[in-house]
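User: Could you walk me through this structure in a few questions and answers? I have the sequence and the coordinates open beside me.

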Amino acid sequence: MQSLDIEAPRSRRLRIFAFDPSLAQRTDTAAIQEIVVAIPWERSADGGRLPEGPVGEYIEVVDVDPASGAVYPPVNLDDPNLLAQDGLSPSEGNPQFHQQMVYAVAMTTIGHFERALGRVALWAPRRQAPDKTSKEWRSEFVRRLRIYPHALRDQNAYYSPSKRALLFGYFSVLSKDADNTPGTTVFACLSHDIIAHETTHALLDGVHPRFNEPSNPDVHAFHEGFADIVAMFQHFSYAGVLRDQIGRTRGQLNDSESLLGQLAQQFGRATGRGNALRDALGETGKDGKWRRRMPDPRALDKIGEPHARGAILVAAVFGAFLLVYKRRTSDLFRLATQGTGILPEGEISPDLANRLAEEASRCARDLLHMCIRALDYCPPVGITFGDYLRAIVTGDVNLNADDDLGYRVALIESFRAWGIYPRGIRSMSIEGLVWPSGAEVIAEAEIAAKGGKRMKRTGATPSKEAIKSARDSSASDIADLFTDVQKAGRYGGSDASAFKGSSRFHKWDLSSDRYQVWRNMEESRAAVWRWLVLGKGKKYLDAFGLVIDEDAPKTVYRNAFGEPTIEVHSVRTALRRDSRGQTVTDIVVEATQRRRGYFEAQQQKDKDESKKPIGQREDGDFKFRAGCTIIIDGTKNTFRHIIRTPGRIDDDGELEIVRAYLTGEAEDDQNAFDGRRQRSLSEPRAACDEPFAILHRHHED
Amino acid sequence: MARTARKSAKRHRKSTAAKAAATKKKTTRKAGKSKAAKKVAKKPAKKPGAKPPASNGSGEPMRPPQDGVKIRMYRHGHGDCFLLAFPGRDGEPVYVLIDCGYKPGSNVAYGLSDMDAIIRNISDATNKHLDLVVVTHEHQDHVNGFGKPGTSPFDDFTIGEAWFAWTESPNDKLAIELRRRHGDQLLGLVAARNQLAVASPDAVGNLDALLMLELGVDTASDFAAAAAAKKKDPQNSVNKQGMKLIKDKAGKERTVYVVPHQNSLKIPRVDGVRVHALGPPHDADLLKDEDPQGSEAFPGHGFGARASFFAAAKAGPGERNGIDPFYSRFAIPLDEAFKHPQHSAFFKRHYGEEQGRVAPAEQPDECADNPDWRRIDGDWLFSAEELALVLNRGINNTSLVLAFELEKSGKVLLFVGDAQRGNWKSWTTHKKEHDKIDLVRDLLGRTVLYKVGHHGSHNATLNGTDDSDYPCLDWMGQGKHADEFAAMITAVNAWALKVKPKPWVHPLPSIKAALHKKAQGRVFQIDTPTVDKPAGVSAGEWQDFQSRVRIDANGLFFDYEVHN
């Protein structure tokens, strides 16, 4: 049926609400209420039409609404009538449009991730503990994220890590004011920002398995802030909206109220705030005037609640955006004002608006991709905002040696203004912030090993020669990982059962099937683990900050042979093109160790020093994790960076910091009965404990 | 166990003491098994099998100081019960009872007195006449001691006057609307709870604990009946029956529904004591959804947003309900989805029809298209727990907040019930009250005794600084009153931490620590038998406090005097 000489289209155009339905009801914003996004042209597995749902390669929309006792038939986006008019027209009353919108927005977010990270996006696999049917841990590939657009009757929407699904709520409005009509229903799944935000949570869960265990106040806040950054910058990538907003604010994004920085408009209004739910960039004062939120270097000391703290991260990144935007547009303003820099009264010329929008859109896209790419340069657990800044800077230095547009400087300036800085760095300069190279870390570890305890304490700077020799000597060991089959030795079967015996590292992943990509990643995980524990990787354990000495504290988890275990969580390949057009292949490895933590310091001490081993089943009060992210340059066979957590698994001081945080009291988002902090977002404590549900519920208390 | 204990309480009124002792013996034996009981119980009386505190020994009438007030804080479990004695103008003491309730299961097992002993003590102390009864709000742990008319331990008491918050008024339009919403939401919550119990039985624990507080019954099987009764006749719910008893005894004429900053309140037969009501705020705006303060203040707030949830909960599974989000032409009923000629294939393949029936996946280690674990049949019901919390907070915020001012010395006793932040903030910042900021600041500054809000929980004692523009702990006990400032926490921490599945952190360690610091150790807590002098406080200072404290030999109560 398909014509042979016409290629399939590259993208599918779908209409969505630019923000949410509320804009359509205001004359000043009606013009930009609807936009068209282009997403990849998906086919069914056999090359046929896109299945109803839609059920694509990444997303499946299943519209079941148990509260209403109803299901809503799936939309068929390949219906010729819909193809010819960019999908259904935006409508609050037609659930099929809702399906179209969640699909389109989620796919857009996924697209940003894939472009920034240089690999296909994968959802968190389902890991199953040993049970009746199998004695071993099993991993299941989850091809599609499921989206339920009408799952809840609540002012809420969340990513459910246990279901690998996004659940959106809806509720009816009874209040009567300028922005709400009683009796109408507000749908979370029609808010562009909420969809992008929740999809980001799901993508993040797919990248980092242990990333959301809170060991410091920044972890949950980072998840919230990062998801908002993605939602906000995704907005900036829509040209029409940007042009309109830039025209309206006369190009001055920093001191006027613009819709772009406000997330979740309608949701916020309907829940009675009168303003967007999370207005990170500024707020409307009692006099009705909007003011930009000015940087406050002490804000982090005062704010602990994850959303409010996350908003600081958003504000810091947005601050950097404004700095870059200002710098990039200063020439345009000079041209438009004959050098005075003062715009005449009235609207700005549409040409100027277009050019400004173009600059803003480019800066937003670059920053968004820098922010996403940084995910590969973070320590494997316990992220802090300061670490994240280092990750952004390092990721960017690797890709763009010169920072001619000043992104990195702008980020540093803005983060510093917000009081965000990493622990223990020598300076807030680019050199100070870039994570040390692998060779430096290895050379340092060698000195420390030779120098004994005194050197460990004082630290020593290795010589250039030592660094070079470390780099040279590691190349063949890395090559060994890539080329040799890694044997399981006596550990055969105790890890990654699917790859009993031997396993091979998959360095070049050009496979187009995401299942095969995942499968190769799993096998590479096994190969790296063997290389670390049995192979040539073993000599770098010190540098990686991993401990397998038997005299480590007894509370460290151990294998059947009584040795501290190492978990390789993730091995990912990133294929990127640098500023000179060269392809860069990086392999990102995350390895961690865990240790039982106890809320009582004395109990910890007793357990650490206990004579007999601790039972495998005993879990302690919390888990303390430490480890490293290793970034390997796959072309040059070097350790590009070794990013370690602040302490090793046997570091009692770090454990104490985590304990103090966990046993401290929770922030204002807690209720009047429960005062303790939530332990993890990925492990619900009870069936009804959806971790993100609690975090996302619209709270006033 | 709780039910047995309560039944035994009823029986006791009519039966012999021996029978009652036998019942108690049984309860105590159980208690002996609990670790906490061993820890807390220091007195020989609490040893397993031993005789519990006898009728109490302190059967004498309670005597107020000549120039002040005596506050008796009962140690009867997790809940509030205070008896105040003022010198009357005719020389006879005047007795004021503030609340009488506890969480079942939180007393005997933790080395505390059972309710019978407490009520006998009230009876002996007052000779069965209470000049004034104040009921702060309608939660179980503040009212269940009153029992039901006819079988109540207070049946043979006489009551001079009764004070309730305006939210209890039978005529106030706002109060009527609040009660209607409360009743509706409770019915919805119970319906949601029962559906959830079928879908995931282990998910209802937190919800049940909250519903018990609201409904005043201790077993889930009684929820539905209790909620229905409440809806049908709001004045007749289990919690309200105790309140009704008080109203009946005081009589219509002498039952006062207090509106803050309005009524001039005097305790009957007492001179030189003025009572100021600070909350709950009386303002229709607080019921409106868009008022951000309302969201913290009242049980009806956000009613609209939740209406669709409750409607669905009440409709029951499979039943169509009136407020569907879409026109029916867009929807297929859930039970027809798997038979639908056009769409059944989609829903069978991508959602799944029955438990355990799963399509094979493409790859052996790939997840199937329709596994059970990805379905969401009951997930929407999980919202009920949050809604119950909101409702609970709403009712806490209807707490009547009273400041008793001893006019001669200016000292103030502050009883806040379970008021949480919304109520606290309204004392000064709500628009009707904003001109009262000086008065409230002044009253709090002169406060020498603070009954800590909501068992010392998060958000029920506000943290702030002297400069804060809302009432907070730092406003209290200023100047010379700082040296006398004391606090009373009505919590049994070991019991609260055992609430399943989520412990109640009562009191919150940081609030407790802040209180101890501010009061320099002068903090009473129900589960703590003594008040010890902290290091760093001089013996002289402590002596002044100590001289005004009497700890009952049987551990029934603390007596504390404040002198004018």
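User: Happy to start with a pair of packed helices: what is the handedness of the crossing of α6(B) and α8(B)?

Analyst: Keep in mind throughout that this is a predicted model. The axes of helix α6 (residues 173-199) and helix α8 (residues 223-232) of chain B come within 9 Å of each other. As for the sense in which α6(B) and α8(B) cross, it is left-handed.

User: Thanks! Are α6(B) and α8(B) roughly parallel or roughly antiparallel to each other?

Analyst: The two axes cross at roughly 160 degrees. Angles over 145 degrees count as roughly antiparallel. The relation between α6(B) and α8(B) is therefore roughly antiparallel.

User: Which residues of α8(B) make the contact with α6(B)?

Analyst: From the α6(B) side come Gly183(B), Leu186(B), Leu187(B), Val190(B), Arg193(B) and Asn194(B). A helix has 3.6 residues a turn, so residues three or four places apart point the same way. Facing them, the α8(B) residues are Phe223(B), Ala224(B), Ala227(B), Ala228(B), Lys230(B) and Lys231(B).

User: Let's turn to the sheets. In the open sheet of eight strands in chain B, which strands stand at the edges?

Analyst: The order is β6-β5-β4-β3-β2-β1-β16-β15 in chain B, with mixed pairing. Each edge strand has a single partner, so one side of it is left without a neighbour in the sheet. The twist averages 20 degrees from one strand to the next. The edge strands are β6 (255-258) and β15 (549-551) of chain B.

User: Within that sheet, which residue is the bridge partner of Leu84(B)?

Analyst: Strands β2 (residues 81-87) and β3 (residues 93-100) of chain B run antiparallel and are joined by seven bridges. Leu84(B) has its partner in β3(B), and that partner is Val96(B).

User: And what angle does the direction of helix α9 of chain B make with that of β5(B)?

Analyst: Two helices packing on this sheet are worth a look together. Helix α4 (residues 115-126) of chain B touches β1, β2, β3, β4 and β16 of chain B, and its direction makes about 10 degrees with that of β2(B). Helix α9 (residues 238-250) of chain B touches β4, β5 and β6 of chain B, and its angle with β5(B) is about 125 degrees.

User: There is also an open sheet of seven strands in chain B. Why is one side of β7 and of β14 left without a neighbour there?

Analyst: In this sheet the strand order is β7-β8-β10-β11-β12-β13-β14 of chain B, and the pairing is mixed. β7 (265-266) and β14 (523-525) of chain B stand at the edges, so the reason is that each has a single partner strand.

User: Which helix of chain B packs on the sheet, touching β13 and β14?

Analyst: Strand β13 (residues 486-489) of chain B and β14(B) pair in the parallel sense over three bridges. In that pairing, Ala487(B) stands opposite Val523(B). The helix touching both strands has a direction at about 150 degrees to that of β13(B), and it is α17 (residues 509-519) of chain B.

User: How many residues of β12 of chain B are buried?

Analyst: β12(B) pairs in the parallel sense with β11 (residues 412-415) of chain B over four bridges, and with β13(B), also in the parallel sense, over three. Leu413(B) stands opposite Leu449(B) in β12(B), while Lys451(B) stands opposite Met488(B) in β13(B). Strand β12 (residues 447-451) of chain B is mostly covered, and the number of its residues that are buried is five of five.

User: Over to chain A: is Arg164(A) buried or exposed?

Analyst: Arg164(A) lies in the loop between β9 (157-160) and β10 (165-172) of chain A. Its contacts beyond four places in sequence include Trp123(A), Ala124(A) and, from chain B, Arg374(B). A residue counts as buried if 20 or more other C-beta atoms lie within 10 Å of its own. Arg164(A) has 23 of them, so it is buried.

User: Last one: how far apart are the end C-alpha atoms of helix α3 of chain A?

Analyst: Helix α3 (residues 192-207) of chain A is mostly covered, with 15 of its 16 residues buried. At 1.5 Å a residue, the helix should span 22 Å, and this agrees with the distance between its end C-alpha atoms, 23 Å.

How values were computed:
Residues numbered from 1 in each chain as written. Chains lettered and ligands numbered in written order. Predicted model: local features only at pLDDT ≥ 70, side-chain atom pairs only at ≥ 80, totals over all residues. Pairing = 2+ DSSP bridges. Contact = placed C-beta atoms within 7 Å. Axes fitted to C-alpha atoms, helices over the stretch in contact; angles between N-to-C directions. Buried ≥ 20, exposed ≤ 12 C-beta atoms within 10 Å, placed from the backbone. Expected span 1.5 Å × (residues − 1). Parallel < 35°, antiparallel > 145°, perpendicular 65-115°, else oblique. Left-handed = near helix turned anticlockwise from the far one by under 90°.
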